Every structure is written in structure tokens, then in C-alpha cells.
Amino acid sequence: MQGDITIQRLSADDPNAEIVAGWTFEAWGHLHPGLTLAQAIECLKAECGQGGVPSIFLAMQGRTPVGTASLIADDMSTRPELTPWLASVFVVPEWRGQGIASSLVQQVEEEALQNGIQHFYLYTPDQQALYRRLGWQNVELVEYRGEQVTVMARQLLN
């Protein structure tokens, strides 16, 4: 990752919150039929916690937001018994391939550990290799809202 990338906690009043909501809405809004961008912005702002679950992190290159990742309680309505979740890992296309996603995932893992969380989940349709490199393991392959996804888990050691 380039040395000038920093990762910070996103707050609800940060002007970048709407940008992040736009990214995640564009990438995954189809999984939530009927959800509007305005509703997605409000949902994202509600997940901007002060620590633990929920928390949203933002990768910045100077003053430019380039990526995000979240730690949330529920990311898959069909598996409510699984909690919490690494969610919404997104890097702006022109910034991909530089380790930003890995750094964001590691920041979420640190947040989890600092808050007593040692086991959590994610789901992905196509980024299994990235998460496996970071220590995640496959749990199951399922269809979720019309998309084939892999549910993965991570056990953290402190």
C-alpha cells in the first residue's frame, strides 16, 4: 500500500459519509430491492459508531476517500445467528491492487479484537482468494438474494 494512505473511523457527520454510501449503494444496492440512495445514506450514517459494532472505516489518500470497510452486527438476513460481520469492503477501481482492501480488513479485525470479538463473518461472491490470503476460511456456498456467495469466517487470536 502506498505510504500516504491513512485509515480513519468514519463519523456520521463526515462529508465523506455520502460518498461512501454512494459507493456501497452502487456496488450492492441490487441486493436490497426498493432501497433508495437517500435511505442508503441514512443507514450508513446510523452504522458510524464510536467503536466496536457498528464501525465504518475510510481509507484516505490525502483528502481523497479511496476505500471503505465496516464491522456490523447483521449483513445477511437469512443467517441472523451469525454475528458480527465484516462488510462493505470497497476500494475505488483506480486504487485497487495496492493493498488498500487488505489494510481496511486488518483495521476491522483490530477493531473487533479491541472490542472482545474473536470470531466474525463475511460473504462475498468473488473475492474469496483475497480473504483466504488474510486468514479467512470458507463456511458455506449459498444463494443470497439471487447471487451465489461464499460465507467465510475468521477466528482472531489476541
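Ser70 is placed in strand 3 of this predicted model. With a relative accessibility of 4%, Ser70 counts as buried, because buried means under 20% relative accessible area. Apart from its neighbours within four places in sequence, Ser70 is in contact with Ser55, Ile56, Trp85, Leu86, Ala87, Ser88 and Val108.

One of those partners, Ser88, has its place in strand 4. Ser88 has a positive phi of about 55° although it is not a glycine. Its relative accessible area of 26% makes Ser88 partly exposed. Another partner of Ser70, Val108, is one of the buried residues of helix 3.

**Overall fold**

The protein chain contains four helices and seven strands. Read from the N terminus, its elements follow the order β-α-α-β-β-β-α-β-α-β-β. A compact globule of 158 residues would have a radius of gyration near 15 Å, and the protein chain, at 15 Å, agrees with that expectation. The C-alpha trace spans about 40 × 40 × 30 Å along its principal axes.

Of the 158 residues, 46% are buried. The exposed area of the protein chain is about 8000 Å², of which carbon and sulfur atoms supply 49%. Among contacts between residues at least 6 apart in sequence, 60% join residues at least 24 apart.

**Helix 3 and its link to strand 1**

The 15 residues of helix 3 should span 21 Å at 1.5 Å a residue, and the end C-alpha atoms are indeed 21 Å apart. Its buried residues are Ile100, Ala101, Ser102, Ser103, Leu104, Val105, Val108, Glu109, Glu111 and Ala112. After helix 3 comes Gly116, with a positive phi near 75°.

Glu111 takes part in a salt bridge with Arg9, in which the closest N and O atoms are 2.8 Å apart. This pair links distant parts of the chain, since Arg9 belongs to strand 1 (residues 5-9) and Glu111 to helix 3 (residues 100-114), 102 residues apart. The two partners differ in burial: Glu111 counts as buried at 4% relative accessibility, whereas Arg9 counts as partly exposed at 30%.

**Salt bridges**

Side chains of opposite charge can pair when their charged atoms come close. The structure holds five salt bridges, and the table gives some of them.

| Salt bridge | N to O distance |
|---|---|
| Arg9 and Glu111 | 2.8 Å |
| Glu81 and Arg79 | 2.6 Å |
| Glu140 and Arg79 | 1.8 Å |

Which parts of the chain does the pair of Glu140 and Arg79 tie together? Glu140 lies in strand 6 and Arg79 in the loop between strand 3 (64-72) and strand 4 (85-91), so the pair connects parts that are 61 residues apart in sequence. Glu140 is partly exposed, its relative accessible area being 27%. Through shared partners, salt bridges join Arg79, Glu81 and Glu140 into one network.

**The hairpin of strands 6 and 7**

Strand 6 (residues 137-144) and strand 7 (residues 147-155) run antiparallel and are joined by seven bridges. Glu140, a member of the network with Arg79 and Glu81, stands opposite Val151 in strand 7. The two strands form a hairpin with two residues between them.

Arg145 is found in the loop between strand 6 and strand 7. This residue has a positive phi of about 50° although it is not a glycine. At 40% relative accessibility, Arg145 counts as partly exposed.

**Backbone exceptions and helix 2**

Most residues other than glycine have a negative phi, and most peptide bonds are trans. The positive phi values of Ser88 and Arg145 may be read against that background. Two cis peptide bonds belong to the same topic: the bond from Val53 to Pro54 is cis, with omega near 0°, and the bond from Thr83 to Pro84 is cis, with omega near -10°. Pro54 has its place in the loop between helix 2 and strand 2 (55-61), while Pro84 lies in the loop between strand 3 and strand 4.

Helix 2 (residues 37-46) contains Gln39. Gln39 counts as partly exposed, with a relative accessibility of 39%. From C-alpha to C-alpha, Gln39 and Leu58 are 20 Å apart in space, and they are 19 residues apart in sequence.

Definitions and conventions
Residues numbered from 1 in each chain as written. Predicted model: local features only at pLDDT ≥ 70, side-chain atom pairs only at ≥ 80, totals over all residues. Heavy atoms only, no water. Pairing = 2+ DSSP bridges. Salt bridge = Lys/Arg side-chain N within 4 Å of Asp/Glu carboxyl O. Buried < 20%, exposed > 50% of the residue type's maximum accessible area, 1.4 Å probe, protein only. Expected span 1.5 Å × (residues − 1). Rg over C-alpha atoms; globule rule 2.2 N^0.38 Å. Contact = heavy atoms within 4.5 Å. Areas by Shrake-Rupley, 256 points an atom, 1.4 Å probe, with all protein chains shown as cover.
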